[in-house]
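Hi,

Here is the structure I said I would pass on. Have a look through it first, and then read my notes underneath.

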Amino acid sequence: MIRVAELVWWWAAAVGVWLLTLSSVNGQDLVVAAACGLPAAVAARSGRRAVGGCWRPRPGWIRWAVTLPPSILADTARVFRTALRHARDERPPGRVREVALPHDGPQPVAAARRALATLALSSTPGAYVVDDDPGGHRLVVHSLSESTSPTEKAITR
């Protein structure tokens, strides 16, 4: 039953991504998305099993999504400001820093936190994750800002 549930989840994710890329959706698009989603789901499940991936996200992490809009707005303004300032400044903008992640217990929980934190931090235009250190519970982030974003604060709690 768990295998079927995982396949359905991957299928729904593949179909959802496919439909999000369309400007309008009709019946033919739904049929093609559903048909192409099945082999994608099988491949995703097989890939996850091949690398031994296992995530156990915590429900409280959904609060990170609330912090994304203000972080995205602030980083968008920062990107434009940096672009204008960098036009006459030869120093490369931004800096690389480490973001410490809390120790969340077992490996599946820590792996889920690293993966979802990478996604959340890289969703803003002013930062992206360069590397992660599973043993050190930290991410290496390139950021245009010297300050900590609301998303970063939420992730490190």
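Below is what I found, starting with confidence and then going through the sheet and a surface patch.

Keep in mind that this is a predicted model. The chain has a mean pLDDT of 84, with 97% of its residues at 70 or more. Helix α2 (residues 27–51) comes out highest in confidence, at 90, while helix α5 (residues 150–155) is lowest, at a mean of 82. As a general caution, predicted coordinates should not be read in detail where pLDDT is low.

Now the sheet. It is an open one with three strands, in the order β1-β3-β2, and the pairing is antiparallel. The edges are taken by β1 (95–100) and β2 (127–133); each has a single partner strand, so one side of each has no neighbour in the sheet. On average, neighbouring strands here are turned by 30 degrees against each other, ignoring direction. If you want to trace the pairing yourself, try β2 with strand β3 (residues 138–143): they run antiparallel and share six bridges. One pair to look up is A127, whose bridge partner in β3 is S143.

On the surface, you'll find a nonpolar patch made by W11, L38 and V42, which together have about 260 Å² of accessible area. W11 belongs to helix α1 (residues 2–20). So is W11 buried, exposed or something in between? W11 counts as partly exposed, because its relative accessible area is 31% and that class lies between under 20% for buried and over 50% for exposed.

Cheers

Note on methods
Residues are numbered from 1 along each chain as its sequence is written. This is a predicted model: local features need pLDDT of at least 70, side-chain atom pairs count only at pLDDT 80 or more; totals for chains, interfaces and linings use all residues. Side-chain values use heavy atoms; hydrogens and water are left out. Patches are made of residues with over 30% relative accessible area and no salt bridge: like charges are joined within 9 Å, nonpolar side chains (Val, Leu, Ile, Met, Phe, Trp, Tyr) within 5 Å. Accessible areas come from the Shrake-Rupley method with a 1.4 Å probe; for residues, only the protein chains shown count as cover. A salt bridge is a side-chain nitrogen of Lys or Arg within 4 Å of a carboxyl oxygen of Asp or Glu. Helices (H or I, at least four residues) and strands (E, at least two) are DSSP runs, numbered from the N terminus. Buried means under 20% relative accessible area, exposed over 50%, partly exposed in between (1.4 Å probe, protein chains only). pLDDT is the predictor's confidence in each residue, from 0 to 100. Two strands pair if DSSP finds at least two bridges between them. Axes are lines fitted to C-alpha atoms, for helices over the stretch in contact, and angles run from 0 to 180 degrees between N-to-C directions.
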